[in-house]
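Open the model in your viewer, keep the sequence panel at hand, and follow along stop by stop. Each stop says what to select and what you will find there.

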Amino acid sequence: MRFELDEQQRDFASSIDAALGAANLPGAVRAWAAGDLAPGRKVWAQLADLGVTALAVPEKFDGIQAHPVDLVVALERLGRWCVPGPVAESIAVAPVLLADDERCAGLASGELIATVAHPPRVPRAVDADAAGLVLLATEDGATVAEPGDKHPSVDPSRRLYDVTAACDGWQADTRRAFEVGALATAAQLVGAAQALLDTAVDYAKQRSQFGRVIGSYQSIKHKLADVHIAVELTRPLVYGAALTLDARDVGAAKAAASEAGLLAARAALQTHGAIGFTQEHDLSLWLLRVQALRSAWGTPEEHRRRVLEAL
């Protein structure tokens with residue numbers, strides 16, 4: 001099945017690319033990892049100006065109340081640029097959990113950044129120290145939570161925290177919240193995979209070995225072509241899941257996006273060679289982000305199990 005975005009959606013994606021492309025995202029990610037949140041918050045302010053933070057917020061709270069497809073359009077671009085912070089949690093999940101809560105207005109304006117833990121598949125909240133609101137979702141509903149112990153992540157820019165309920169909870173559609181969170185993470189993985197592929201292709205045109213640019217070797221062409229095919233086959237799954245938000249479709253999309261991201265990471269690292277291992281090279285930021293997002297909001301194995309159970 002072929003999905004085509006309309007002109008407005010393509011323009012929206014282009015506007016995000018234009019803004020983030022001029023924002024020095026690698027510097028913002030490195031600063032976020034070091035505890036300096038100011039550059040990252042400037043990026044989030046730009047997202048708010050573009051309407052990204054308001055996409056899933058109801059109109060009565062000055063949100064856009066957009067279709068999940070529009071959410072996927074935006075989240076793929078945010079993954080492509082490696083935006084720091086609790087992207088899926090604040091932009092996609094928190095509006096579902098808060099629903100009729102007036103705090104949604106803060107999410108829409110970008111003044112409030114939220115993060116979410118949703119055990120058992122999301123046992124810890126990412127960047128709870130940077131969020132103005134920490135939420136805990138369970139089978140019984142949602143509640144405001146307090147961050148506890150900090151845990152390391154494979155991606156230094158994604159700090160993980162234990163959380164505990166801080167007050168009585170309220171009824172919330174936590175099932176939908178999980179599906180939206182997994183979908184948003186899958187969209188980011190597609191964007192990150194595309195970024196890694198583009199970077200690898202560009203580098204293959206420049207790096208020479210044995211007197212020839214490595215992009216002229218058939219083995220390199222085939223490796224990068226495999227990544228291109230994986231990304232192009234995964235993208236329709238993600239958009240298809242946005243149309244249904246069905247557990248089977250979301251599970252298939254997240255599993256496929258996780259594998260496409262890993263394939264892209266391996267190909268990009270092999271194409272770059274030893275320089276790809278260095279922290280100074282920007283490639284490392286995307287490599288680590290892919291590894292972190294693969295297990296975020298459900299591992300590939302968990303999502304494949306969900307697909308099997310639904311068949």
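**Stop 1: Val 126**

Start by selecting Val 126 and showing everything around it. Leaving out residues up to four places away in sequence, Val 126 touches Pro 86, Glu 89, Thr 115, Arg 158, Arg 159 and Leu 160. Keep in mind as you look that this is a predicted model. Val 126 belongs to strand 2, residues 125-126, and with a relative accessible area of 2% it is buried. Now add Gly 211 to the selection: it is 85 residues from Val 126 in sequence, and the two C-alpha atoms are 46 Å apart in space.

**Stop 2: the two annotated domains**

Next, colour residues 7-88. An unreviewed UniProt entry annotates them as "domain: Acyl-CoA dehydrogenase/oxidase N-terminal". This span is 63% helix and 0% strand, and its end C-alpha atoms lie 25 Å apart.

Give residues 168-310 a second colour. Here UniProt lists "domain: Acyl-CoA dehydrogenase/oxidase C-terminal", again from an unreviewed entry. The chain over these residues is 76% helix and 3% strand, with 33 Å between the end C-alpha atoms.

**Stop 3: helix 2 and its cover**

Select helix 2, residues 25-33, and show its side chains. Which residues of helix 2 are buried? They are Leu 25, Pro 26, Ala 28, Val 29, Ala 31 and Trp 32. Bring in helix 1 (7-21), helix 3 (38-50) and helix 10, which are included in what covers these buried residues. After helix 2 comes Gly 35, with a positive phi near 100 degrees.

**Stop 4: Cys 82**

Stay with Val 29 and measure across to Cys 82: the two are 53 residues apart in sequence, yet 7.6 Å apart in space, C-alpha to C-alpha. Cys 82 is in the loop between helix 4 (68-80) and helix 5 (87-98). Its relative accessible area is 1%, so Cys 82 is buried. Beyond its neighbours within four places in sequence, Cys 82 is in contact with Leu 25, Val 29, Leu 285, Trp 286 and Arg 289.

While you are there, click on Trp 81. The charged end of Arg 80 sits over the ring of Trp 81, 4.0 Å from the ring centre.

**Stop 5: another cysteine**

How many disulfides does a search of the whole structure find? It finds zero. Select Cys 104 to see one case: the closest cysteine sulfur is that of Cys 167, and because it is 15 Å away, it is too far for a bond. Cys 104 counts as buried, at 0% relative accessibility.

**Stop 6: the largest nonpolar core**

In soluble globular proteins, nonpolar side chains tend to be buried together. The largest nonpolar core here has 91 residues, of which Leu 20, Val 52, Leu 78, Val 83 and Leu 196 touch the most other members. The helix that gives the most to this core is helix 7, with 17 residues. Try Val 83 as a centre: setting aside neighbours within four places in sequence, Val 83 is in contact with Leu 20, Leu 25, Val 43, Trp 44, Leu 47, Leu 78 and Arg 289. Apart from the largest core lies another, of eight residues, including Ala 117, Ala 128, Leu 136 and Ala 145.

**Stop 7: along helix 7**

Now select helix 7, residues 174-204. Thr 174 is found in this helix and is buried, with a relative accessible area of 10%. With neighbours within four places in sequence left aside, the contacts of Thr 174 are Leu 97, His 118, Ala 137, Thr 138, Glu 139 and Gly 141.

Move on to Gln 188, also in helix 7. Is Gln 188 buried or exposed? Its 4% relative accessibility means that it counts as buried. Leaving aside neighbours within four places in sequence, Gln 188 is in contact with Leu 75, Gly 79, Val 87, Ala 88 and Leu 293.

**Stop 8: the aromatic pair**

Finish with Phe 178 and Trp 297. A search of the whole structure finds one aromatic pair. The ring centres of Phe 178 and Trp 297 are 5.8 Å apart and the ring planes are at 45 degrees, so the pair is tilted. Phe 178 is in helix 7, whereas Trp 297 is in the loop between helix 10 (283-295) and helix 11 (300-310); the pair thus links distant parts of the chain, 119 residues apart. Both Phe 178 and Trp 297 are buried.

Terms used: Residues numbered from 1 in each chain as written. Predicted model: local features only at pLDDT ≥ 70, side-chain atom pairs only at ≥ 80, totals over all residues. Heavy atoms only, no water. Phe/Tyr/Trp six-rings, centres within 6.5 Å; stacked < 30°, edge-to-face > 60°. Helix = DSSP H or I, 4+ residues; strand = E, 2+ residues; numbered from the N terminus. Buried < 20%, exposed > 50% of the residue type's maximum accessible area, 1.4 Å probe, protein only. Lys NZ or Arg CZ within 6 Å of the ring centre and 35° of its normal. Core = buried A, V, L, I, M, F, W, Y, C linked by side-chain atoms within 4.5 Å. Contact = heavy atoms within 4.5 Å. UniProt positions renumbered as here; feature names shortened; annotations may be inferred. Disulfide = S-S within 2.5 Å.
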